[in-house]
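Here are some short exercises to work through with the model open beside you. Try each task before you read its solution.

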Amino acid sequence: MEQNAKRIKLDGNQVDTDKKNCSKSSYRIESILSDDLMKAVDVVNVYTLSITDRKRISKIMVEVNKLLPIPNLQHLKRIKKNEMIICPVKDVAKLIVESYSFFENVKHISPEIQSKNSVDEIVKSLLDMTRDSNNIKSVVIEFLRVKEFTNEMAEELSSNVGISAVPSIQPKLHWQHTIATEQWPCKFHLNKQLENLYNHNVFTENEKNFHTKIMDLISFISSNMNGKSVGVVVDPRNGHVVAVAGARIDLHPLMHCSMVLIDMVARSQNGGAWSELDSTADKSSDDLYNYNGIDKKMKELISQKFPIQFGAQKPSTTISKTPLQTNDLSSTDNLSKYGPYLCTGYDVYLTDEPCVMCAMALVHSRAKRIFFQNCSTKGALKTLTKLHTIKALNHHYEVYQIYSDTAV
Ligand SMILES: [Zn+2]
């Protein structure tokens, strides 16, 4: 038992002791990140004041911070050289929509304001006013009076008012920050893991070798199944293959590769719903591992070429029966703590990008990471959408595409 525990710890780095036997295929692994990390930060238009008398800056700052806080722009410094942010243009537009008296006070400034109803339409009208600085000044001075600035201060703040485009949110990546600070100085916290994900630089050589070996393995299985969509689930702590499956839409239209794979994982936990699948499942088990997730013939086929270990670690007898009732994000810890539960802490390798149904089923199964090789026309992790980046979901797996250099 102790020997086994030691081995699991050592294998935590997914050391590939059988590298010599790997296929010679060359792969590169790219993380698939949310769209907001792939483009420069969006900008938002704000009214800015150009301060000519620098001695007045601190006095003006005190008043502006007190009467006109900008909670949505906390990532920005309020001052850039001699320019100060007064407020977002949208705040003024909102007040025009929400306050009848303010609307009455400014409607004469631009006829367009009178005919617009939505905040966005009024923002557009206010931006169009840049052609006439007197009109901007007239609107801003009325706004500042509503915000309880003294007439004198309102006059001063609106005297040299202009409009600037500033970063709407705090940048997450270094390159985004470089562009954003050229627009306006803003806060930034370097997140090394995110930088590495963006630069496709998250895995050690040993880890890369392991992932590409599994990709070779599923390509091998697929080529032995007439090019069928194939998937493998691996316990990343010890490198064991937990489940293997190919699509079975010949049996049922819902039996896509990932759906069957999830069912095979359930079998490794003595569950599973699709009895049609089975005939040669390896029902054997020992003290530590359950082998029900792998068809016996499949195991034989893989073993011919890949010296890899099989079997799902058995649940601890002392564990809680409902480990995932809390929304715990540390899935690997849960796997160690509670033992196998659905796909918690497991890595899923697929020949093909999963569809929406399969991608969502993998969310429900609490998979840790998804690796796929080929994009699919109905793919939900890159092609049609990036389901794993939807913040509202209560579980998020990482997604990587493994490109075979020979296939690109
Ligand atoms: Zn599917």
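**Exercise 1.** Find the spacing that the donors of the zinc ion follow along the chain.

*Solution.* Step one: the spacing is H-x98-C-x2-C. Step two: the protein donors are His 256 (ND1), Cys 355 (SG) and Cys 358 (SG), 2.1 to 2.3 Å from the zinc ion. Donors here are N, O and S atoms within 2.8 Å of the metal (3.2 Å for Na, K and Ca), and water is not among the atoms, so sites may look incomplete. This is a predicted model, where local features need pLDDT of at least 70, side-chain atom pairs count only at pLDDT 80 or more, and totals for chains, interfaces and linings use all residues. Residues are numbered from 1 along each chain as its sequence is written, and side-chain values use heavy atoms, leaving out hydrogens and water.

**Exercise 2.** Decide whether His 256 and Cys 355 are buried or partly exposed.

*Solution.* Buried means under 20% relative accessible area, exposed over 50%, and partly exposed in between (1.4 Å probe, protein chains only). His 256 has 27% relative accessibility, so it counts as partly exposed. Cys 355, at 16%, is buried.

**Exercise 3.** Work out which strands stand at the edges of the open sheet.

*Solution.* Strands (E, at least two residues) are DSSP runs, numbered from the N terminus. Two strands pair if DSSP finds at least two bridges between them. Four strands follow the order 3-4-2-5, with antiparallel pairing. Strand 3 (79-80) and strand 5 each have a single partner strand, so they are the edges. Two bridges join strand 3 to strand 4 (residues 83-88), and Lys 80 stands opposite Glu 83 in strand 4.
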